[in-house]
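Open the model in your viewer and keep the selection tool at hand. The tour goes from one surface patch to another, then out to the whole chain.

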Amino acid sequence: MADDRGGGWFPPMDLFRSEPMHLVQLIIPIESVHLTVSYLGDIGLIQFKDLNADKSPFQRTYAIQIKRCGEMARKLRFFKEQMSKAGITISSKPNLLVDVHLDDVEARLGELESELIEINTNNEKLQRSYNEFTEYKLVLQKAGEFFKAALSSAEVKQREYNKSPHNQPVESLSIPLLKDDELKLGFLTGLVPKEKAMAFERILFRATRGNVFLKQTPLEEPVVDPTSGQKVQKNVFAVFFSGETLKSKIVKISDAFGANRYPFTEDLGKQTHMITEVSGRIIELKMTIEAGLLHRSTLLQKIGEHHEHWNHVVRKEKSIYHILNMLSIDVTKKCLVAEGWSPVYATRQIRRALRLAAIDSSSQVGPIFRVLHTKKLPPTFFRTNKFTESFQTIVDAYGVARYQEANPGVYTVVTFPFLFAIMFGDWGHGICLLLATLYLISKEKKFHGQKLGDIVGMTFGGRYVILLMSLFSIYTGLIYNEFFSVPFELFGPSAYACRDDSCSDATTMGLVKVRDTYPFGVDPTWHGTRTELPFLNSLKMKMSILLGVAQMNLGIILSFFNALYFGNRLNIWFQFIPQMVFLNGLFGYLSLLIIAKWYTGSQADLYHIMIYMFLSPTDDLGENQLFNNQKTIQIGLLLLSLIAVPWMLFPKPFILKAQHNRRHGNEDAYMPLEDIDDTLHGESNADCEGDHKFDFTEIFVHQLIHTIEFVLGAVSNTASYLRLWALSLAHSELSAVFYEKVLLLAWGYNNVAILIIGIVVFIFATAGVLLVMETLSAFLHALRLHWVEFQNKFYNGNGYQFRPFSFSLLEDESKLN
Amino acid sequence: MYGFEAMTFNIHGGYLEAIVRGHRSGLLTAADYNNLCQCETLDDIKMHLSATEYGPYLQNEPSPLHTTTIVEKCTLKLVDEYKHMLCQATEPMSTFLEYITYGHMIDNVVLIVTGTLHERDVQELLEKCHPLGMFDSIATLAVAQNMRELYRLVLVDTPLAPYFSECITSEDLDDMNIEIMRNTLYKAYLEDFYRFCQKLGGATAEIMSDLLAFEADRRAVNITINSIGTELTREDRRKLYSSFGLLYPYGHEELAICEDIDQVRGVMEKYPPYQPIFSKLSYGESQMLDKAFYEEEVKRLCLSFEQQFHYGVFFAYMRLREQEIRNLMWISECVAQNQKSRVHDSVVFIF
């Protein structure tokens with residue numbers, strides 16, 4: 001492949017061809033390898049190849065270090081989680097000045113983790129007993145209420161009983177109903193989660209055959225469960241039962257339901273005593289817990305200061321070890337061998353980094369740098385800036401350019417926004433779009449590297465595309481003379497005026513040309529006349545075809561440059577030339593007719609000319625004749641186009657076959673042997689000996705498909721460009737509808753409220769439908785015109801992206817995650 | 001509506017089928033197993049798994065790792081996936097998904113009951129239970145003394161209640177009748193599941209009846225082999241066989257009277273689908289039978305993914321994941337106990 005850039009006739013152009021790359025081999029002594037890779041990561045201009053692809057991750061040389069990094073990353077995640085739980089923000093500015101060693105970080109992280117875990121377990125213990133005491137207090141209060149309520153209601157009952165004259169007064173309540181030693185009524189109190197309360201009651205009932213009395217009241221506020229630490233709605237319960245068997249059953253059941261039991265006494269005096277005691281314990285515990293929390297938050301604060309920095313170091317180290325794992329180790333175990341792609345221009349930088357690393361690590365032997373020769377396809381690398389990047393992304397979304405093929409991205413920078421603007425021509429809308437994108441550009445520094453939402457992120461990424469799109473739509477809007485569908489006489493007065501008073505706006509009859517033609521764009525008088533649509537349609541339709549033919553021609557010419565650059569004469573003679581002939585013989589001629597018609601002002605019917613050029617080329621053109629000898633020229637063009645089809649189809653596969661036979665004519669006898677060779681060497685040989693396998697039918701079919709696609713495509717692609725007209729029509733009609741049927745209608749009522757409603761509806765319709773949805777649809781159509789109609793003429797798009805090992809890329813990625 | 005699932009299945013089942021097929025593609029492959037088998041320590045296993053779908057579940061585990069943690073986390077992933085699918089499912093798929101867990105429920109009940117019989121701590125037992133087979137009052141099982149209580153106290157609230165009708169006795173629980181209870185429950189469960197799938201009809205019925213029939217036959221063989229030499233009578237043994245499957249009813253007659261493994265083999269070899277399983281074993285050997293059955297099952301489960309618009313894929317996916325977790329457990333155990341030579345004994349490759 002030729003080394004001179006730009007394909008000969010052009011001065012070198014950065015974006016036109018991807019950077020020349022070469023495969024380099026680095027042999028690095030083992031003592032300086034870490035530093036070297038680190039320096040190379042700083043430059044970020046080399047893409048390492050995995051030389052140990054057959055080894056599983058843990059069999060590689062530096063698996064242990066990666067495991068250590070993973071462990072540290074886990075600790076850092078743990079800290080981060082703890083910090084976010086405690087509501088401590090991580091200081092965002094990394095203090096990169098301090099260069100710390102990985103081992104130190106590891107030791108420090110280990111210490112901090114064990115300290116934090118210890119504090120946490122202590123706190124948890126305290127918290128747990130705190131929660132238990134709170135629950136206990138609640139139980140004491142609530143269960144106390146049970147007893148009080150029961151007692152008071154019993155007293156009321158007794159009083160009523162005593163009041164009635166027929167009854168004998170009964171003994172005092174304090175005398176037990178049964179004798180103590182005969183049957184012991186026991187009870188248990190505790191807390192059970194509210195959602196389990198029903199099931200709890202049911203099981204208790206079943207297990208004891210109804211021989212219990214259960215009393216429950218819900219707590220107003222959720223309490224923190226001591227075991228899980230979660231806030232749960234709970235019920236206080238008291239179960240009354242008789243007998244030891246039942247007790248053990250109930251205990252088992254309440255354990256199974258996660259109900260915490262607490263001791264309780266009937267004695268009122270003891271109860272109050274216990275409540276005060278428990279409250280005292282609660283206050284004590286609270287103080288201890290607070291002290292513990294303070295200690296913890298200072299520790300976390302300390303971690304927070306370094307967190308970002310450590311994170312950075314760990315990530316960097318991990319990426320370095322990942323790269324080191326991709327290098328193959330020499331048999332002597334004294335040096336590592338790295339292979340990777342790098343741009344040719346970066347050679348000096350890489351050499352300097354290697355030298356520097358050797359000096360800094362005080363290694364006795366410097367690393368060896370050499371360029372390998374290979375037939376493998378290098379990765380594609382375009383040096384883009386923040387402006388061209390988004391345009392290149394549009395192209396890459398279709399397919400990454402094959403190494404050094406002509407890059408449509410260069411042209412996309414202009415043609416994409418321009419085609420968009422043709423569909424979006426309205427300088428009012430253009431200004432709105434411009435303001436929005438200028439806002440994004442002014443906030444560029446702030447937004448960059450931040451995590452934005454899906455839609456905002458996408459808009460921000462394409463801000464320069466939108467900038468150009470809006471500028472171009474202001475331009476086309478001026479040509480169409482549309483400002484929210486209102487015409488303005490910006491470039492002087494209209495060329496037309498009424499001949500007499502009888503003519504109105506809605507007509508073209510009676511209008512005469514009184515001045516020179518309107519200097520720029522469409523004359524404002526056209527607006528609102530009955531012939532506005534036929535006029536604009538014819539204009540935009542023809543314009544679309546002209547632009548389409550021009551862009552397709554550009555595509556075919558680019559295929560010529562590709563052929564020239566890769567030295568493929570066959571493609572020039574049997575692909576480029578017939579394609580040019582075919583396209584221009586038919587649609588180039590149509591464009592010529594359009595221009596001629598505009599120029600001469602003739603009334604010829606172009607449809608008729610084009611159709612009868614095929615149907616009966618020998619007929620007389622009559623009034624449709626635009627210039628002399630038109631018939632002869634038409635017949636000539638038709639014949640040329642007809643010849644172009646077999647010209648595209650047949651010669652190329654046959655010449656390829658002949659070439660192949662000439663090259664391998666005398667090796668035929670050995671073919672089977674080579675085939676075996678191929679399978680033996682597997683991948684490494686497959687791509688350098690790719691042209692050995694020659695299947696004529698396959699190539700012929702391929703060429704057949706290609707030809708058919710081009711011939712049919714020439715028609716359908718040209719028709720496809722008519723979408724420019726259609727979308728533009730839709731846009732102007734929609735904005736006319738919003739203007740006339742909403743704004744003017746509301747204005748006509750002479751009512752402020754209706755006017756305000758009208759304006760609001762107008763603004764929202766304009767913003768939502770015209771500015772957002774129309775932008776999107778025009779964008780998509782422009783995208784299609786580029787991807788399909790333009791790029792299928794020349795673009796292979798089967799390359800792969802250059803992904804260098806670079807710390808700055810690593811940082812960007814981690815920021816976005 | 002056989003043959004017309006394609007028209008309506010995707011209304012309710014399409015999303016979940018897509019999900020489950022996505023999950024399936026995350027199953028470990030033979031290459032993964034090969035790598036795992038070469039691991040030297042549990043950390044290596046963790047490292048390898050972190051590149052798979054298990055990654056997020058294992059990445060925050062501190063380094064001295066235990067086999068139980070690995071298994072626990074892997075199971076957790078399965079449970080999360082299951083719960084997600086169950087949340088999204090509508091009738092009758094949600095019922096179908098619930099049916100899948102009943103088997104675990106039975107196992108859990110048996111585990112707890114046996115555990116309490118041997119006076120183990122309930123909490124400890126609860127930790128050993130499979131999370132898919134948990135139900136609210138499971139811990140209360142420890143209270144029960146006999147089958148009747150077990151049923152009346154706890155299981156009446158669970159979906160297992162109908163299966164109990166055949167095994168309510170007032171006998172005290174012991175190892176023998178717990179095992180009989182397990183098998184009776186399982187038989188009732190399989191039959192119920194089978195009927196349910198038949199009711200669903202279509203491809204689900206076709207595929208699930210095949211899978212369940214295999215399951216029933218396998219259980220029949222296992223029951224036979226395990227009951228050889230015990231005091232279980234022929235009649236009782238026959239009662240434990242599910243009333244469907246390839247062996248039903250003539251195979252069951254013959255299995256019921258088998259007295260040793262070679263007789264079982266003789267019975268099974270009459271059935272062509274089971275012939276290859278038994279022909280791999282040498283005479284008198286039953287250790288490798290489990291693995292052979294597992295391999296056959298995995299093959300059948302994988303095949304169910306070849307057909308679309310049926311619920312069998314959910315069953316198959318859950319089973320395959322469980323098999324995968326069993327594999328991981330075995331590999332981790334072998335690695336942890338330095339028995340790497342035995343790694344291949346019990347690992348069933350899924351793909």
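Which helix of chain A holds Arg352(A)? Select residues 347-360: this is helix H7, and Arg352(A) lies in it. Helices (H or I, at least four residues) and strands (E, at least two) are DSSP runs, numbered from the N terminus.

A word on conventions. This is a predicted model: local features need pLDDT of at least 70, side-chain atom pairs count only at pLDDT 80 or more, and totals for chains, interfaces and linings use all residues. Residues are numbered from 1 along each chain as written, chains are lettered from A and ligands numbered from 1 in written order, and side-chain values use heavy atoms, without hydrogens or water.

Stay on Arg352(A). Its relative accessible area is 46%, so it is partly exposed (buried is under 20%, exposed over 50%, partly exposed in between; 1.4 Å probe, protein chains only).

Add Arg348(A), Arg351(A) and Arg355(A). With Arg352(A) they form a positive surface patch. Patch residues have over 30% relative accessible area and no salt bridge (Lys or Arg side-chain nitrogen within 4 Å of an Asp or Glu carboxyl oxygen); like charges are joined within 9 Å, nonpolar side chains (Val, Leu, Ile, Met, Phe, Trp, Tyr) within 5 Å. Lys and Arg count as positive, and an Arg charge is placed at CZ.

Next, select residues 752-790, helix H23, and find Ile759(A) there. Ile759(A) is partly exposed, at 34% relative accessibility. Add Val752(A), Ile756(A), Val760(A), Ile763(A) and Phe764(A): with Ile759(A) they make a nonpolar surface patch of about 570 Å² accessible area (Shrake-Rupley, 1.4 Å probe, only protein chains shown as cover for residues).

Now show everything. Chain A has 24 helices and 13 strands. Of its 817 residues, 43% are buried.
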